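User: Please take a close look at one helix of this model, beginning with what packs over it, and then follow the connections outward into the rest of the fold. I would like one continuous account rather than a list.

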Amino acid sequence: MLKKFFNSQLLNKFLYYRYRFKQKNWTVYELLHQRSIEKSTDYIENYLSEVLIFPSRERLWKYAVTLLEQKSRIIELGVYKGYSINCLADYSHMKDIDIWGFDTFEGLTESWFGTSFYPGSYSNDGQLPKTRSTVTLQKGDLSNTLPNFLKANDRKISLIHFDLDSRNITFTALNLLNSVIKDSTLLIFDEYHGFPSFENGEKAAWKDFALQENLSWRYLAFSNQQALIEVSKSN
Ligand SMILES: C[S@@+](CC[C@H](N)C(=O)[O-])C[C@H]1O[C@@H](n2cnc3c(N)ncnc32)[C@H](O)[C@@H]1O
């Protein structure tokens, strides 16, 4: 009985936390982050036998691009200063893939609860950033720009990069893109886990949308905050 107790996970967990708390006086902010990372890790551990794990989001993007068809199209929602869209352009230009980026360039339109970002955070003062030659930017609220773009879209959209941070606008974007989310479409969510309240952000938007549309899907990869998802749709 005693041996069982000393070997138990409960005791190990207790000693682990006790040791850590002795090292430092944790703040609420730090501890919330720490806990969210542990919760996210627990979740990901359920998928370790079937997904890739990358130490950085750039490595996950690079991998995603290897899976894309030649001459297809990437969409990015949330461009800000152009860092991620330019990385995706650099990784994909050999495949003759073009990229369309959507942003107001005026920052978040809703509070990203669980974090310190609020309307106006990530504003680029309305300015379009410099981007690679394969990138086309569409300035404006995506509720207006996406429907217009979709009417004229003439290429297969093979990857959608969601980086709008909060749940409601991500859910809106998913619904607007419903017609181009097809069998084998890849989706990357930039803030899927690893921060406080991650369960209520992009992850909630995706889960709610997938349930609403009765979609089949699977995880292909994770990095510290990102998830790469492949959709299966029969129609
Ligand atoms: C976190 S930033 C994107 C960062 C960028 N993907 C990167 O990694 O370099 C989020 C962006 O979403 C944009 N955004 C938020 N709500 C939007 C909306 N309704 N329509 C268009 N853009 C929006 C903001 O302007 C902001 O630039």
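Analyst: In this predicted model, the elements covering the buried residues of α7 include β2 (73–77), α6 (142–152), β5 (157–162) and α8 (202–212). The helix itself spans residues 167–176, and its buried residues are Arg167, Ile169, Thr170, Ala173 and Leu174. Among these, Ala173 gives the clearest view of the surroundings: once residues up to four places away in sequence are set aside, Ala173 touches Leu77, Leu142, Leu146, Phe162 and Leu164. Ala173 is also one of the residues with the most contacts inside the largest nonpolar core, a group of 41 residues in which Ala64, Ile99, Phe162 and Leu228 are listed alongside it. In soluble globular proteins, nonpolar side chains tend to be buried together.

Two of the covering elements, β2 and β5, lead from the helix into the sheet. This sheet is open and consists of eight strands in the order β1-β7-β8-β6-β5-β2-β3-β4, with mixed pairing. Because β1 (52–53) and β4 (135–139) stand at the edges and have a single partner strand each, one side of each is left without a neighbour in the sheet. For β4 the partner strand is β3, and the two pair in the parallel sense over five bridges, with Phe102 standing opposite Gln138 in β4. Across this part of the sheet lies α5, which is set over β2, β3, β4 and β5 and runs at about 170° to β2.

The edge position of β4 does not leave Val135, a residue of that strand, open to the surroundings: Val135 counts as buried because it has 21 C-beta neighbours inside 10 Å, where the cut-off is 20 or more. Leaving aside neighbours within four places in sequence, the contacts of Val135 are Ile85, Ala89, Ile99 and Gly101. Ile99 is also listed among the residues with the most contacts inside the largest nonpolar core. Val135 and Ile74 lie 61 residues apart in sequence, yet their C-alpha atoms are 9.3 Å apart in space.

The same region brings us to the ligand, which is surrounded by 21 residues, the closest being Gly78, Tyr80, Tyr83, Ser84 and Asp163. The elements giving two or more residues to this shell are α5 (83–92) and β3 (98–103), and the shell divides into 10 nonpolar, five polar and six charged residues.

Tyr80, in the loop between β2 and α5, deserves a separate remark, since its phi is near 55°, a positive value in a residue other than glycine. Most residues other than glycine have a negative phi. Tyr80 is partly exposed, because 18 other C-beta atoms lie within 10 Å. A phi near 55° is also found at Lys71, in the loop between α4 (57–66) and β2, but Lys71 is exposed, with 12 other C-beta atoms within 10 Å.

Set against the whole chain, these details belong to a fold of eight helices and eight strands, in which buried residues make up 29% of the 235 residues. Of the contacts with a separation of 6 or more, 74% join residues 24 or more positions apart.

Technical notes:
Residues numbered from 1 in each chain as written. Predicted model: local features only at pLDDT ≥ 70, side-chain atom pairs only at ≥ 80, totals over all residues. Near = placed C-beta within 6 Å. Helix = DSSP H or I, 4+ residues; strand = E, 2+ residues; numbered from the N terminus. Nonpolar A, V, L, I, M, F, W, Y, C, P; charged D, E, K, R; others polar. Core = buried A, V, L, I, M, F, W, Y, C linked by C-beta atoms within 7 Å. Contact = placed C-beta atoms within 7 Å. Pairing = 2+ DSSP bridges. Axes fitted to C-alpha atoms, helices over the stretch in contact; angles between N-to-C directions.
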